[in-house]
Amino acid sequence: MTGADKRNDILDAAEVFTDFSGGLMGPHQGEGKLIASAFTSCYESKNGLVTVYDKDGELLANANY
């Protein structure tokens, strides 16, 4: 995980890297959404975005926090 400790409430961007595969339409999309949801329940920002990536750097999920 990167970017979670640097919050300024202007444009916060956290990234979570996983060992899942398949990207946005792959079999681990549900797990990606769950990770993004868990992140939003732990962190708060006026304008934050958390992005969850698979092992190849492809987007799994994202959410505002």
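# Exercises on a predicted β-α-β-β model

The protein chain has one helix and three strands, where helices (H or I, at least four residues) and strands (E, at least two) are DSSP runs numbered from the N terminus. This is a predicted model, in which local features need pLDDT of at least 70 and side-chain atom pairs count only at pLDDT 80 or more, while totals for chains, interfaces and linings use all residues. Residues are numbered from 1 along each chain as its sequence is written, and side-chain values use heavy atoms, with hydrogens and water left out.

## Exercise 1. The chain as a whole

Task: state the order of the secondary structure elements along the sequence and judge the radius of gyration of the protein chain against the globule rule.

Solution.

Step 1. Along the sequence the pattern is β-α-β-β.

Step 2. The radius of gyration, taken over C-alpha atoms, is compared with a globule rule of 2.2 Å times the number of residues to the power 0.38. For 65 residues the rule gives 11 Å, and the protein chain has a radius of gyration of 11 Å, so it is as compact as a globular protein of that length.

Step 3. Along the principal axes, the C-alpha atoms fill a box of roughly 35 × 20 × 15 Å.

Step 4. Buried means under 20% relative accessible area, exposed over 50%, and partly exposed in between (1.4 Å probe, protein chains only). By this criterion 31% of the 65 residues are buried.

Step 5. Contact means heavy atoms within 4.5 Å. Among the contacts with a separation of 6 or more, 54% are between residues 24 or more positions apart.

## Exercise 2. Helix α1 and its two faces

Task: check the length of α1, then assign its buried and exposed residues to sides of the helix.

Solution.

Step 1. The expected span of a helix is 1.5 Å times one less than its number of residues. With 14 residues, α1 should span 20 Å, and its end C-alpha atoms are 20 Å apart, which agrees.

Step 2. Gly32, Ala36 and Phe39 are the buried residues to consider in α1. They cover an arc of only 60 degrees around the axis, so they lie on the same side of α1; the arc is that of the directions from the helix axis to the C-beta atoms.

Step 3. The buried residues of α1 pack against β1, β2 and β3 (59-64).

Step 4. On the face turned away from the buried side are the exposed residues Lys33, Leu34, Ser41 and Cys42.

Step 5. Serine 37 is also in helix α1 and is partly exposed, at 42% relative accessibility.

## Exercise 3. The nonpolar core

Task: list the residues of the largest nonpolar core and name the elements that each supply at least two of them.

Solution.

Step 1. A nonpolar core is a set of buried Ala, Val, Leu, Ile, Met, Phe, Trp, Tyr and Cys residues joined through side-chain atoms within 4.5 Å.

Step 2. The largest such core has nine residues: Ala4, Ala14, Val16, Ala36, Phe39, Val50, Val52, Leu60 and Tyr65.

Step 3. At least two residues of this core come from each of β1, α1 and β2 (48-53).

Step 4. Take alanine 36 as a case: leaving out residues up to four places away in sequence, alanine 36 touches Val50, Val52, Asn62 and Ala63.

## Exercise 4. Aspartate 12, alanine 13 and serine 45

Task: compare the exposure of aspartate 12 with that of alanine 13, and locate the side-chain partner of aspartate 12.

Solution.

Step 1. Aspartate 12 is in strand β1, and so is alanine 13.

Step 2. Aspartate 12 is buried, at 2% relative accessibility, whereas alanine 13 is exposed, at 51%.

Step 3. A polar contact is a pair of N or O atoms within 3.5 Å; within protein, one must be able to donate a hydrogen and the other to accept it, and residues adjacent in sequence count only if both atoms are side-chain atoms. One such contact, of 2.5 Å, joins the side chains of aspartate 12 and serine 45.

Step 4. Serine 45 lies in the loop between α1 and β2 and is buried, with a relative accessible area of 10%. The serine 45 side chain also reaches the backbone nitrogen of asparagine 47 at 3.2 Å.

Step 5. Setting aside neighbours within four places in sequence, serine 45 is in contact with Asp9, Asp12 and Tyr65. Under that exclusion alanine 13 contacts Thr2, Gly3, Leu49 and Tyr65.
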